[in-house]
Amino acid sequence: MNFKSTIGFEVHFELKTKSKIFSPSPVSYGAKPNTETNVIDWGMPGVLPYVNKDVYRLGIMVALATHAHILPNTHFDRKNYYYPDSPKAYQITQFFQPLARDGYVEIEVHGKKKRIGIHEMHIEEDAGKNTHGTNGFSYVDLNRQGVPLLEVVSEPEIADPDEGYAYLEKLRKIVQFTGASDVKMEEGSMRVDTNISIRPAGQKELGTKVEMKNLNSFEHVRKSLAYEQKRQEQVLLAGGRVQLSTRRFDDATGKTVLERVKEGDADYRYFPEPDLAPDHISQEWIDEIEQTLPRSAEARYQQYTGEFGLKDYDAEVLLQTKESSDFYDQTVAAGADPQLAANWMNTQVNGYLNDNRVDLADIALTPEHLAAMIKLIKDGTISSKIAKRVFAETVKNGTDPQKFVEDQGMVQLSDTSVLEPMVKEVVDNNPQSVEDFKNGKDRAIGFLVGQIMKQTRGQANPKVINQLLNKELQNR
Amino acid sequence: MNYLNEDIDSLNQKLAQGTLEADQLAQDTVANIKQTDDQLNAWITVQEDAKPDQDLDFAHHKLAGIPIAIKDNIITKDVKTTAASHILDNYLPVYDATVIEKLKEAHVTFVGKTNLDEFAMGSSTEHSYFGITHNPWNLDKVPGGSSGGSAVAVASGQVVAALGSDTGGSIRQPAAFNGIFGIKPTYGRVSRWGLIAFASSLDEIGVMSKRAKTSAQVLNVIAGQDEHDSTLSTRAVPDFTRFIGQAVKGMRVAVVKEYLDAVDGDMHDVIEQQIAVLKEAGAIIDEVSLPLTKYVVPDYYIIASSEASSNLQRFDGIRYGYRSKDAKDLLDVYVKSRSEGFGEEVQRRIMLGSFALSAGSYDRFFRQAAKVRTLICQDFDRIFADHDVIVGPTTTTPAFDIGSEIADPIKMYNNDILTISANLAGIPAASVPAGLVDGMPVGLQIMAKRFDEGSIFKVADFIERSNKFYEQTPTGMED
C-alpha cells in the first residue's frame with residue numbers, strides 16, 4: 001500500500017526588540033534569573049500590558065518577506081491556561097485576527113521547485129522558564145516572560161522530511177535576512193514544532209496527526225519525521241490506529257517516544273484582550289517598512305554569482321549569516337574588489353572568527369578597513385604576504401591599514417630607479433648565476449630574487465624584480 | 001472630626017489660614033473612623049499613623065492635607081490591598097496605582113482602605129471577607145456595592161471624598177443608597193493601572209462625595225495622562241469645576257421610558273419631581289426609548305464574568321496571597337487555594353465566565369453578548385445625537401435589608417439594570433441624591449455622551465442646589 005504524508009510546522013521566532021512586548025523590561029540572552037522583569041512580567045494584581053510597537057514592525061518585515069497579506073486591523077486575544085511559568089495564567093496572543101495570512105515560501109528539493117503555503121503568522125508573548133531542582137522545589141525564571149514571538153504556521157502542504165527540512169532552512173534564511181530575529185535554535189530564538197499524519201494514497205481526509213514539540217535542530221526534525229513516517233505506516237499496515245499524541249525525539253536512539261496522548265484539544269477559552277486597544281496597521285506604515293526591508297538572501301545570491309562572478313560555494317558561504325553578507329556588501333561598497341573581498345571574508349576573516357570563537361560584531365575589523373587593505377593589495381602597494389600581517393594587526397587593534405603600512409615601512413618597493421642599481425649590483429656579485437642563466441638554469445633567477453628580497457627585507461615587488469633581472473641577464 | 005458639613009473648599013481655606021492643622025486633621029479623621037466604624041465596618045485598613053506630607057502648598061493644591069478614602073481594590077504601595085478577599089488578605093503591593101500617584105502629587109493624606117464586595121463583585125457589600133458594611137441611614141440596610149465602604153465613609157462623615165470603582169454601577173448604586181454623589185467617568189478617562197481588574201472592558205475608577213463639586217475637584221487630579229494604560233484616552237481633561245454653578249436652561253434632557261417604568265410608587269414620584277425641577281429651570285425634557293434595556297443584565301453578566309474568570313486566574317496560591325495548607329501537588333495548590341480563598345459569589349462568576357468562554361459556548365454566549373453590546377452603544381449614540389443628558393432613577397428600590405437578597409443571586413443581579421448600560425457603552429454616569437423614600441435615600445442617575453462629564457456635573461450641581469439634600473445627615477447611627 002502507498003501512503004501519503006502531510007507535514008505541518010509551527011515555528012516560533014523571537015523578535016529582536018530591545019524591550020519586551022508588553023513591558024519596558026529589557027530583552028537579552030543569558031541574564032541572571034529574574035533580573036530582567038518588572039511588575040507586568042510578574043502579573044502583579046492591577047498591572048496592564050502596553051504594546052511595544054516595534055513588535056509590529058519586525059512582524060511586518062517577516063510578513064512582507066514571505067508574501068503574506070497583512071491584516072489592517074489587529075488586536076490581541078487571551079489564551080487562558082494555568083502553568084507555573086505564566087504568572088497571569090493567560091498568554092496574550094493573536095487568535096481571532098493574526099498579523100498576517102496567506103504567505104508562501106519557495107523551496108527547491110532534488111531540483112524541483114515548490115511553494116509551501118503559510119497559513120498565518122501571529123504575534124504573542126513568551127512565557128517564563130521552569131527549572132526543577134533536586135531538592136523537590138521548582139524554580140521559575142521570568143526573564144523570558146514577555147519576550148515577543150512571531151509564530152509562523154505553515155499549511156499542511158509538506159510531503160516528506162526532505163521538503164520539511166528545505167522549508168525550515170528557507171524560512172530561517174528569509175527571517176534571518178529581514179533582521180527581525182536572531183534565528184538561533186541553540187539559544188531558543190527559533191523553535192520548531194512539527195506534526196505529521198499519513199493516509200493511504202487516494203484517501204481524501206487526513207490521517208491522525210502526531211505532534212513533536214521543541215525539536216532542537218533541523219537534523220532532528222528530519223530524522224524524527226522520517227522515523228514517524230515509517231512508524232505510522234507500520235501501525236496502519238498492521239491494522240492499527242495512529243493515536244492523536246505528542247511525541248518526543250530521542251537523539252540517542254533516533255526514535256520518537258510517546259509523551260502524552262491527547263483526548264481532545266485543551267479549551268483555552270480565547271477572547272479579545274480587553275486591556276489593549278486594537279491597533280490599526282496602515283498601508284503607509286507597511287510601505288515605509290518595506291522601504292527599510294534588507295535585501296533578501298536570494299537577491300544577494302543573484303548579485304554575488306551574477307554581477308560579481310563569485311562561485312556558488314563562495315556566495316553560499318558569504319550568505320551563511322546576514323552579518324557576514326552585510327559585512328561583505330559594505331566591504332564591496334567601500335571600494336573593494338568583490339572577488340578579493342570574498343576570498344578574504346571566506347578564508348582569513350572566517351578563520352579568525354572560528355579560531356577565536358567570536359562574531360563579526362566582536363572584532364575590531366571594519367568593512368572600510370578590509371576594503372582599504374584589499375585596495376593596497378590590488379594596486380601592488382603591499383604583497384599578500386605582508387597583507388597577512390596587516391590583517392592580523394587590523395583585526396586585533398582596529399588599526400587603519402594604510403596608516404599601519406606606512407608607519408611600519410611596509411610599502412612594497414616597485415620603484416625601478418631604486419631597484420635597478422640593486423639588480424645590477426647583485427648580478428655583478430654573482431657571476432656564477434649569470435653563467436647558470438646562460439645555460440638555461442631557471443632557478444638562477446630565483447636565487448637572485450631571494451638575494452634582493454633579503455636586502456630589502458621582503459619589501460621589493462617580486463614581479464618588478466623579475467622583470468628587471470631578466471632584462472639585465474639578457475644584456476650580459 | 002467628621003466631614004458631614006465640610007467640603008474641600010472649606011477645609012482648604014481653614015488649612016491655608018492655619019485655623020486647622022493638617023496633622024490634627026489626619027489624627028482627628030483616624031480617631032473619628034475608629035470611633036464610628038464599629039457600627040459601620042466601612043474600612044478594611046485604617047492607617048493609624050496617617051500623616052500629611054511635609055510642606056503642603058495649600059494655595060496650589062486644593063486637596064493638600066485632605067484625607068481621602070481609597071477602595072481596597074486600588075493598589076497602594078506598602079499598604080495592604082485585599083480586594084476584600086481571603087485570597088489576598090495579606091497582600092502588600094510593591095507599586096502604586098496611577099490614581100494614587102496622582103493623589104500623592106496633590107499631597108492628599110491617606111488614611112486607609114475601604115470595604116467592598118470581594119473583587120468588586122456584588123451590589124451590597126455583603127460579599128466581603130472582612131464582613132458586612134452597614135448603611136448609616138439604617139444599620140439594618142445594605143450600603144449597596146461594590147463600593148459600599150467608600151460610600152459609607154463619605155455619607156457618615158468619616159471622609160470628605162472617596163475613590164470607588166464602577167463595573168456595573170458599583171459607584172452609583174451605593175451613592176444612591178447612601179444619599180451622596182458618585183460619578184463613574186467615561187471609560188478611558190481615568191487610568192486603570194493599579195486597579196485590581198474585575199472586568200477590564202467595563203471597570204472604571206470614580207469618585208464619591210457629598211457634593212458634586214468635591215468629586216469634580218478630585219476627578220481633576222486623577223483623570224488623564226498615563227502611559228501605563230493603552231485604553232486611556234489622550235484627549236485633554238477639562239477643569240470639571242467650571243461646570244459647577246452653571247444654568248441648565250436650554251439643556252436637552254432625555255428621559256428613558258424603560259428606566260422610569262422600572263420604578264414605582266414613591267420612588268417614581270421622587271424622580272418625576274426632580275425632572276420637573278429641571279423642566280422648570282428651562283431644560284427641554286424628551287421621553288425616549290431604549291428597548292434593549294431588558295437585555296443589559298444578561299449581556300453584562302456574560303461579558304463581566306468572562307473577563308473576570310480570566311482576570312482572576314492569576315490568584316492561584318503561588319505568588320501572593322493565600323495558599324492552602326494541605327495541598328499535595330501543583331494542581332492541588334491551584335484548586336484548594338482557589339476553593340478556600342475565593343468567596344461564593346466570586347466562584348459563581350468565575351464558573352459562569354469560564355463556561356461562557358468555553359469552546360462550545362463562545363459563539364452562543366460571549367460573541368452574542370459582544371454584538372448586543374455594540375447595539376446598546378449605538379442606541380446611546382442615537383439618543384446623544386440630540387440630547388445632552390439622560391436622567392432617571394439610579395436604582396429600582398432604595399437600600400434593601402441586609403440578608404434579604406443574598407441567597408438569590410439573580411434577584412441581586414437584576415438590581416443593576418439601570419446602571420449597567422453606562423458601563424457597556426463606556427459613557428460617563430453619576431448618581432445625585434434625589435430625596436428620601438421610607439427614610440432611605442434614592443438617587444437620580446445622570447448619563448452623558450462619552451467625555452462629557454461636564455454636562456453631568458452641571459445637572460448634578462443644579463439638582464443639589466435645588467433639593468439641598470447635602471444638608472441632611474444620616475439617621476441610623478447611634479451616638
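# A tour of the two-chain model

Start by colouring chains A and B separately: 38 residues of chain B are in contact with 31 residues of chain A. Keep in mind as you go that this is a predicted model. Putting the two chains together buries about 2,800 Å², and 58% of that area sits on carbon and sulfur atoms. To see where chain B contributes, select B:Ser230, B:Gln313 and B:Arg314. These residues lose the most area to chain A on the chain B side, together 23% of what that side buries.

## Two helices in chain B

Next, hide chain A for a moment and select residues 296-311 and 344-357 of chain B, which are helices α9 and α11. Their axes are 7 Å apart, and the helices pack at an angle of about 100 degrees. Angles of 65 to 115 degrees count as roughly perpendicular, so α9(B) and α11(B) are roughly perpendicular to each other.

Now show side chains where the helices meet. From α9(B), pick B:Tyr301, B:Ile302, B:Ser305, B:Ser306 and B:Ser309. Facing them in α11(B) are their contacts B:Arg349, B:Ile350, B:Leu352, B:Gly353, B:Ser354, B:Ala356 and B:Leu357. Colour this contact by class and you will find six nonpolar, five polar and one charged residues.

## Backbone details in chain B

Switch to a backbone view and go to B:His107, in the loop between α3 (98-105) and β3 of chain B. B:His107 is not a glycine, yet its phi is positive, at about 65 degrees.

Then move to B:Ser146, in the loop between β3 (109-114) and α4 (148-155) of chain B. Look at the peptide bond leading into B:Ser146 from B:Gly145: this bond is cis, with omega near 5 degrees.

One more stop on the backbone is B:Lys468, in the segment after α15 (453-467) of chain B. Here too is a residue that is not a glycine but has a positive phi, about 45 degrees for B:Lys468.

## Empty space inside

Bring chain A back and turn to cavities. How many cavities of 30 Å³ or more does a search of the whole structure find? The search finds six.

The largest cavity holds about 100 Å³ of space. To find this cavity, select A:Phe22, A:Ile40, A:Pro49, A:Lys88 and A:Glu125, the closest to its centre of the 15 residues that line it. By class, the lining of the largest cavity has seven nonpolar, three polar and five charged residues.

For the second largest cavity, with about 80 Å³ of space, centre the view on B:Gly122, B:Ser123, B:Ser170, B:Tyr300 and B:Asp416. These five lie nearest the centre, out of 13 lining residues. The lining of the second largest cavity divides into four nonpolar, seven polar and two charged residues.

Note on methods. Residues are numbered from 1 along each chain as its sequence is written. Chains are lettered from A and ligands numbered from 1 in the order in which they are written. This is a predicted model: local features need pLDDT of at least 70, side-chain atom pairs count only at pLDDT 80 or more; totals for chains, interfaces and linings use all residues. Side-chain values use heavy atoms; hydrogens and water are left out. On a 1 Å grid over the protein atoms alone, a cavity is a set of points where a 1.4 Å probe fits but cannot get out, and a pocket is an open set with protein on both sides within 12 Å along at least five of seven lines; lining residues have an atom within 4 Å of a point. Grid points are joined across faces, edges and corners, and a volume is the space filled by probe spheres set on the points. Ala, Val, Leu, Ile, Met, Phe, Trp, Tyr, Cys and Pro count as nonpolar, Asp, Glu, Lys and Arg as charged, and the others, Gly among them, as polar. Axes are lines fitted to C-alpha atoms, for helices over the stretch in contact, and angles run from 0 to 180 degrees between N-to-C directions. Helices (H or I, at least four residues) and strands (E, at least two) are DSSP runs, numbered from the N terminus. Angles under 35 degrees count as roughly parallel, over 145 as roughly antiparallel, 65 to 115 as roughly perpendicular and the rest as oblique. Contact means heavy atoms within 4.5 Å. Buried area is the accessible area (1.4 Å probe) that two parts lose on being put together, summed over both.
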